[in-house]
Amino acid sequence: MHDIKAIREDPAAFDRAWGSRGLPVQTPALLEIDARLRAAQTALQEAQGRRNDASKLIGAAKGRKDEAEAQRLMGEVEALKGVIAEQGDGERIAAAELKALLSGLPNLPADDVPAGGDEHGNVEVRRWGEPFAIAGPKDHVDLGEAADLLDFEAASRMSGARFVVLKGALARLERALGQFMIDIQTREHGYLEISPPLMVNDAAAYGTDKLPKFADQLFQTTDGRWLIPTAEVPLTSLVMDQIVAEETLPLRYTALTACFRSEAGASGRDTRGMIRQHQFYKVELVSITAPEQSEAEHERMVGCAEAILKRLDLPFRTMLLCTGDMGFGARKTYDLEVWLPSQATYREISSCSNCGDFQARRMDARCKKAGEKGTRFVHTLNGSGLAVGRTLVALMENYQDEGGRIAIPQALQSYMGGLTHIGGKA
């Protein structure tokens with residue numbers, strides 16, 4: 001959400017920033033609604049003031065037995081009721097229009113975000129590890145089905161497309177990955193583990209910029225709650241409508257949860273395998289910071305996500321997203337992309353974003369220094385540390401051998417009861 005006062009002061013800056021994200025000019029419509037809103041507010045206040053003054057004068061007129069003046073004043077009060085109702089309706093309508101328009105406008109890119117229209121404008125920041133030399137690599141679907149560890153057909157019968165059943169050692173490996181990730185983030189990187197609700201209300205979804213724009217990408221329950229698309233939503237909502245002591249910042253939260261996405265608009269994309277599923281597990285990282293802390297915290301968060309890939313010895317690259325490829329609520333985003341041998345390319349496995357005060361304004365999350373009266377909006381950051389399903393895909397493909405066995409990375413062997421390999425011909 002954006003501050004209409006700031007837009008009023010420098011509309012050209014907002015139009016330039018939104019233009020870099022591919023949007024047409026927005027501020028004339030915003031300022032027109034804002035002018036109507038302020039005019040209605042002024043007219044309402046003036047009418048209320050005249051009504052209050054007239055009401056006081058009625059008693060005075062009656063006290064001096066001036067019935068004519070009292071009747072005139074009562075007539076004025078009655079007429080002002082209509083004006084007040086009319087201007088009140090105008091204020092509510094304009095306020096709703098302004099909120100609706102502002103709610104649909106994305107965050108402003110940070111100054112150091114490269115300009116670009118789509119993923120081709122992203123900039124590689126660094127690369128780690130060399131892609132494994134695998135002759136004729138199989139994809140994770142062929143590997144898993146050959147060893148009877150994956151069953152897409154059974155999942156389709158019971159749930160439809162974009163679901164999977166994991167079996168035996170592969171199910172255990174998925175569980176091991178989630179445990180490994182959450183242990184690293186809590187024990188070594190200082191994140192506080194949270195077990196949050198998997199369903200949230202409208203306020204939480206709106207505050208984390210998932211509503212109203214992305215309602216079609218969420219699953220909604222029959223009682224109006226929303227299944228979380230990522231634990232970013234409940235973790236960030238821990239500070240919704242709160243004033244946090246600035247001395248306690250940054251707050252760092254993490255959770256391993258199931259995530260649910262309708263994948264609306266993804267028809268035909270990654271239909272094979274586990275890359276794009278309706279249900280998947282992910283370890284989420286969320287930080288709540290004071291405004292001046294967020295840039296450094298963003299770099300730290302990216303490092304915490306990269307650490308998982310390094311421990312698993314999975315080749316990856318870190319990309320700085322351009323203005324046209326960033327998410328709606330982000331002002332700056334880094335993507336981590338892991339190497340997939342079957343596709344001979346890097347694929348996204350984590351996205352770490354600094355949202356500035358964009359979400360905080362929507363959810364009214366503030367911080368306050370001890371001994372001071374004023375408050376400031378906090379900054380919120382979120383990232384994947386990592387997406388468990390996509391990490392599982394990367395492990396299967398990068399650690400395969402010619403016989404279809406999958407080696408277990410050293411970092412995971414203790415979580416797997418000492419197993420060094422899984423799979424192979426069933």
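The legends below describe close-up views of one predicted model.

**View 1. The second largest pocket and the residues that line it.**
In this predicted model, the second largest pocket holds about 240 Å³ of space. Rolling a probe the size of a water molecule over the atoms shows where empty space is left. The lining is made up of 16 residues, and those that lie nearest the centre of the pocket are His2, Asn107, Leu108, Arg331 and Asp357. When the lining of this pocket is sorted by class, 7 residues are nonpolar, 4 are polar and 5 are charged.

**View 2. An open sheet of 3 strands, with the order S7-S13-S14.**
Strands of a sheet pair through backbone hydrogen bonds, either parallel or antiparallel. The pairing in this open sheet is mixed, and its edge strands, S7 (243–245) and S14 (376–377), each pair on one side only. Strand S7 runs parallel to strand S13 (residues 366–368), with 3 bridges between the two, and Ile243 has Arg366 of S13 as its bridge partner.

**View 3. Gly374, in the loop between S13 and S14.**
Is Gly374 buried or exposed, or does it fall in between? Gly374 counts as partly exposed because its relative accessible area is 48%, and partly exposed is the class between the cut-offs of 20% and 50%. Leaving aside residues up to four places away in sequence, Gly374 touches Cys367 and Lys368. Gly374 and Met363 are 11 residues apart in sequence, and their C-alpha atoms are 18 Å apart in space.

**View 4. Helix H10, residues 294–311.**
Helix H10 has 18 residues, and the distance from its first C-alpha to its last is 26 Å, close to the 26 Å expected at 1.5 Å a residue. The buried residues of H10 include Ser294, Glu297, His298, Met301 and Val302, and Cys304, Ala305, Glu306, Ala307, Ile308 and Leu309 are also buried. After the helix comes Asp313, which has a positive phi, near 55 degrees.

**View 5. Two cis peptide bonds, one before Pro250 and one before Leu386.**
Most residues other than glycine have a negative phi, and most peptide bonds are trans. The peptide bond that joins Leu249 and Pro250 is cis, with omega at about 5 degrees, and Pro250 is found in the loop between S7 and strand S8 (251–260). A cis peptide bond also joins Gly385 and Leu386, where omega is about 20 degrees, and Leu386 is found in strand S15 (residues 379–387).

**View 6. Arg162 and Asp241, two residues with a positive phi.**
Although Arg162 is not a glycine, its phi is positive, at about 65 degrees, and its place is in the loop between helix H6 (152–159) and strand S3 (165–166). Asp241, also a residue other than glycine, has a phi near 60 degrees and lies in the loop between helix H9 (232–236) and S7. Which of the classes, buried or exposed, does Arg162 belong to? Arg162 counts as buried because its relative accessibility is 14%, and the cut-off for buried is under 20%. Asp241, in turn, is exposed because its relative accessible area is 54%, and the cut-off for exposed is over 50%.

**View 7. Strand S8 and its partners S4 and S9.**
Strand S8 is mostly covered, with 8 of its 10 residues buried. Strand S4 (residues 192–193) runs parallel to S8 and is joined to it by 2 bridges, with Glu193 standing opposite Thr254 of S8. Strand S9 (residues 279–289) runs antiparallel to S8, and 10 bridges join these two strands; Ala258 has Tyr281 of S9 as its bridge partner.

**View 8. Strand S11, joined to S10 and S12.**
In a regular strand the side chains alternate between the two faces of the sheet. How many of the 9 residues of strand S11 (residues 332–340) are buried? The count is 9 of 9, and both faces are covered, with Lys332, Tyr334, Leu336, Val338 and Leu340 on one side and Thr333, Asp335, Glu337 and Trp339 on the other. Strand S10 (residues 316–320) runs antiparallel to S11 over 5 bridges, and the bridge partner of Phe316 is Val338. Strand S12 (residues 345–354) is also antiparallel to S11, with 9 bridges, and here Val338 has Arg347 as its bridge partner. Between S11 and S12, which form a hairpin, there are 4 residues, and Ala344 in the turn has a positive phi of about 50 degrees.

How values were computed. Residues numbered from 1 in each chain as written. Predicted model: local features only at pLDDT ≥ 70, side-chain atom pairs only at ≥ 80, totals over all residues. Heavy atoms only, no water. 1 Å grid on protein atoms, 1.4 Å probe; cavity = no way out; pocket = protein on both sides within 12 Å on 5 of 7 lines; lining within 4 Å. Points joined across faces, edges and corners; volume = space filled by probe spheres on them. Nonpolar A, V, L, I, M, F, W, Y, C, P; charged D, E, K, R; others polar. Pairing = 2+ DSSP bridges. Buried < 20%, exposed > 50% of the residue type's maximum accessible area, 1.4 Å probe, protein only. Contact = heavy atoms within 4.5 Å. Expected span 1.5 Å × (residues − 1).
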